[in-house]
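Got the model open in your viewer? Keep the selection box handy, and we'll walk from one stop to the next.

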Amino acid sequence: VVRSTVAWHGHVGRDPFARLQLTEGRRDPYPLYEEVRRRGPLVPTPLAGHQTASHRVCREVLRDRRFGVQSEEALNRGDGELSLLELDPPDHTRLRRLVAPSFTPRALAGTRERVGAVVDGLLDAVPAGEPFDLVGALASPLPIRVITDLLGVPDDDSAAFARDGATIGSALAGVQSLGHVVRLLEANRRLGALLEEVFEQHRREPRDDLVSRLLAVEGDQVRPGELAPLCRLLLVAGFETTVNLIGNTVLALLAHPDQWREVVEDPSLAAAAVEETLRWDPPVQRTFRSPHEDLELAGVPLARGSMVMLLLAGANRDPEVFAEPGRFDLHRYADRSAPAAEHLSFSAGLHYCLGAPLARLEAVVAVERLAERFPRLQRAGRVRRRRGGTVIRGPAALVVGQRSG
Ligand code: HEM
């Protein structure tokens with residue numbers, strides 16, 4: 001038993017997917033993705049079935065209807081407490097159709113101004129001439145303000161939402177301790193109660209916001225019990241992700257000062273910088289899918305219900321698709337007539353991130369305004385990477401200052 005346990009640990013210890021969860025992967029997961037890709041397009045992992053860092057295989061799985069997100073366990077639970085992300089068609093199709101129109105670039109056209117005003121307000125509050133934490137001052141509060149606005153959560157409640165949403169969002173980065181579990185459960189309960197209150201208010205006084213539009217079709221296209229998990233996902237999905245897109249973009253640009261200068265000289269390059277950051281250092285590093293039937297993928301037989309870990313951040317550096325994939329170069333996406341291939345950082349297929357246009361808008365406006373108002377921005381301290389799990393990647397704090405002269 002001892003020998004086989006030691007052998008098993010040795011086996012796991014060499015597995016790149018296992019090493020992703022350790023200090024090695026937290027510091028720099030990218031060499032581990034390379035290792036996975038070197039081993040083949042689809043390789044077993046003792047922890048989670050199979051793993052892939054191949055752009056082609058990841059894309060294929062995400063778009064293949066024979067793969068789903070609904071685990072056996074969730075199906076058995078069948079308690080209606082599943083969010084979009086955990087549902088397969090037909091429930092997924094029905095609910096996604098209800099919310100999708102509110103998140104298209106066209107629907108968001110009017111939001112740009114509001115995002116700009118929030119960014120300006122947050123930057124106005126930064127102490128002049130002193131170093132400040134860009135995450136706490138801008139990247140973290142921005143997505144919360146914007147999504148509570150869109151949903152129609154009253155301003156008085158948005159601070160409470162922000163607190164509880166952040167706690168719940170932090171679970172995405174990995175549950176860290178028993179204390180964390182307790183806080184999580186409490187935050188979940190409070191957020192549920194707060195949502196109920198918001199629903200009540202909106203039932204009494206419908207307005208022109210997303211919650212009112214959803215309530216209008218309750219009982220018809222939305223079953224009782226579906227509304228809360230849907231709104232909860234909309235709130236939380238943008239918290240721990242958009243904050244890191246802003247953090248990772250600024251981090252990448254300040255690590256490549258020539259490219260920061262280019263953005264300062266031409267803020268319209270902010271969109272390309274955000275897009276290249278999504279490819280090069282994405283906030284969501286991986287997802288998974290499970291086949292609904294026995295099938296073959298990349299020549300490997302997979303059993304129904306097994307797991308395939310899709311290392312999206314690894315796929316984004318697949319040399320089959322991107323030239324010199326390890327190099328950060330905003331010019332890949334600067335020429336709109338011939339952009340680089342699509343990264344997979346917002347996933348693909350049915351579950352393609354609903355909030356992608358909103359996340360891009362927030363990050364682009366944040367970077368544009370920073371470039372205009374803080375042209376001599378530079379790092380002023382050590383970067384603290386987020387603790388906890390390795391699905392989400394971004395700085396917990398990013399202290400910046402302005403170069404003098
Ligand atoms: C789904 C990433 C921001 C709402 C997803 C998925 C990814 C992702 C990778 C799909 C996961 C999978 O296929 O298994 C990101 C990143 C963001 C971001 C990197 C920011 C940089 C947002 C925002 C919202 C949002 C701001 C707010 C509305 C959603 C929803 C889904 C989703 C509702 C589920 C869609 C479905 O299952 O049909 N996101 N997201 N996301 N995202 Fe985002």
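Start by selecting Asn188, Leu191, Gly192, Leu195 and Phe199 in helix α12, then add Leu227, Ala228, Cys231, Arg232, Leu235 and Val236 in α14: these are the residues where the two helices meet, a contact being heavy atoms within 4.5 Å. Before going further, note that this is a predicted model, where local features need pLDDT of at least 70 and side-chain atom pairs count only at pLDDT 80 or more, while totals for chains, interfaces and linings use all residues. Residues are numbered from 1 along each chain as its sequence is written, and side-chain values use heavy atoms, with hydrogens and water left out.

Now show α12 (residues 178–204) and α14 (residues 227–237) as ribbons: their axes come within 10 Å and cross at roughly 110°. That makes α12 roughly perpendicular to α14. Axes here are lines fitted to C-alpha atoms, for helices over the stretch in contact, with angles from 0 to 180 degrees between N-to-C directions. Angles under 35 degrees count as roughly parallel, over 145 as roughly antiparallel, 65 to 115 as roughly perpendicular, and the rest as oblique. The crossing of α12 over α14 is right-handed, meaning that the near helix is turned clockwise from the far one by less than a right angle. Helices (H or I, at least four residues) and strands (E, at least two) are DSSP runs, numbered from the N terminus.

Next stop: the core. Select Leu142 and Leu235, the residues with the most contacts inside the largest nonpolar core, which has 89 residues. Helix α19 (residues 356–373) gives this core its largest share, 11 residues. A nonpolar core is a set of buried Ala, Val, Leu, Ile, Met, Phe, Trp, Tyr and Cys residues joined through side-chain atoms within 4.5 Å. Buried means under 20% relative accessible area, exposed over 50%, and partly exposed in between (1.4 Å probe, protein chains only). Apart from this core lies another, of 16 residues, including Val61, Phe67, Leu297 and Val308.

Stay on Leu142 and show what surrounds it. Beyond its neighbours within four places in sequence, Leu142 is in contact with Val115, Val118, Val119, Leu122, Ile246, Glu362 and Ala366.

That leads to another helix pair. Select α8 (residues 111–124) with α19: they pack at about 45°, axes 9 Å apart. That makes α8 oblique to α19. This crossing is right-handed too. On the α8 side, pick out residues including Val115, Gly116 and Val119; on the α19 side, their counterparts include Leu361, Val365 and Ala366.

Now color α17 (270–280). Is it enclosed or open? With 10 of its 11 residues buried, α17 is largely enclosed by the rest of the structure. Those buried residues include Glu275, Glu276, Arg279 and Trp280. For the cover, turn on α4 (30–39), α15, α16 and α19, which are among the elements over the buried residues of α17.

Move into the loop between α17 and β5 and select Pro282. Pro282 counts as buried, at 0% relative accessibility. Not counting residues up to four places away in sequence, Pro282 touches Tyr30, Asn248, Thr277, Ala313, Asn316, Ser345 and Arg393.

Hop across to Asn248, in helix α15 (residues 239–255). Asn248 is buried as well, at 1% relative accessibility. Outside its neighbours within four places in sequence, Asn248 has contacts that include Thr277, Asp281, Pro282, Arg385 and Arg393.

Then find Gln259 in helix α16 (residues 257–265). Gln259 is buried, with a relative accessible area of 7%. Its contacts, leaving aside neighbours within four places in sequence, are Leu253, Phe328, Asp329 and Leu330.

Finish with the strands. Two strands pair if DSSP finds at least two bridges between them. An open sheet of 5 strands runs in the order β1-β2-β8-β5-β3, with mixed pairing. β1 (43–45) and β3 (67–68) stand at the edges with a single partner strand each, so one side of each is left without a neighbour in the sheet. Within this sheet, β5 (residues 287–291) and β8 (residues 308–310) pair antiparallel over 3 bridges. Select Phe288 and its bridge partner in β8, Met309.

Last click: β12 (residues 399–402), which pairs antiparallel with β4 (residues 132–133) over 2 bridges. Asp133 stands opposite Val399 there. β9 (residues 377–379) is joined to β12 by 3 bridges, also antiparallel, and Leu377 faces Gln402.
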